[in-house]
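Work through the exercises below with the sequence and the model open. Each task is followed by a solution in steps.

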Amino acid sequence: MKAKVYVTIKQNVLDPQGQAVQGSLHTMGFAEVEKVRIGKYLELELGTDDRAEAEARVKVMCEKLLANTVVEDFRFELEG
């Protein structure tokens with residue numbers, strides 16, 4: 001089973017890296033870009049076929065290591 005994990009900065013938290021990318025895009029002539037938020041994407045191969053167990057385990061992985069839940073949100077999808 002594969003887990004696709006998306007980690008993003010919470011909407012109320014400043015994103016200086018996103019602002020820098022937006023500024024660079026504007027400099028390159030992409031003035032239509034109004035906002036950029038930077039995040040992370042992870043793929044995890046899980047050695048289980050039990051969907052409920054996989055969901056529970058990936059949630060704990062995100063809360064303990066993959067996302068800083070103080071400033072980041074996460075969501076995930078399971079395939080297989």
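**Exercise 1.** Which residue in E3 is the bridge partner of Tyr6?

*Solution.* This is a predicted model, in which local features need pLDDT of at least 70, side-chain atom pairs count only at pLDDT 80 or more, and totals for chains, interfaces and linings use all residues. Residues are numbered from 1 along each chain as its sequence is written, and side-chain values use heavy atoms, with hydrogens and water left out.

Strands (E, at least two residues) and helices (H or I, at least four) are DSSP runs, numbered from the N terminus. Tyr6 has Arg75 of E3 as its bridge partner. E1 and E3 pair over 8 bridges, in the antiparallel sense; pairing requires at least two DSSP bridges between two strands.

**Exercise 2.** Lay out the sheet and place H2 on it.

*Solution.* The order is E2-E1-E3, an open sheet of 3 strands with antiparallel pairing. At the edges, pairing on one side only, are E2 (39–45) and E3 (72–79). H2 packs on this sheet and touches E1, E2 and E3 (contact: heavy atoms within 4.5 Å); the direction of H2 makes about 155° with that of E3. Such angles run from 0 to 180 degrees between N-to-C directions, with axes fitted to C-alpha atoms, for helices over the stretch in contact.

**Exercise 3.** Which element gives the most to the largest nonpolar core?

*Solution.* A nonpolar core joins buried Ala, Val, Leu, Ile, Met, Phe, Trp, Tyr and Cys residues through side-chain atoms within 4.5 Å; buried means under 20% relative accessible area (1.4 Å probe, protein chains only). The largest core has 12 residues, including Val7, Cys62 and Ala67. E1 (2–9) and H2 (51–66) each supply at least two of its residues, and H2 gives the most, with 4.

Technical notes: Buried < 20%, exposed > 50% of the residue type's maximum accessible area, 1.4 Å probe, protein only.
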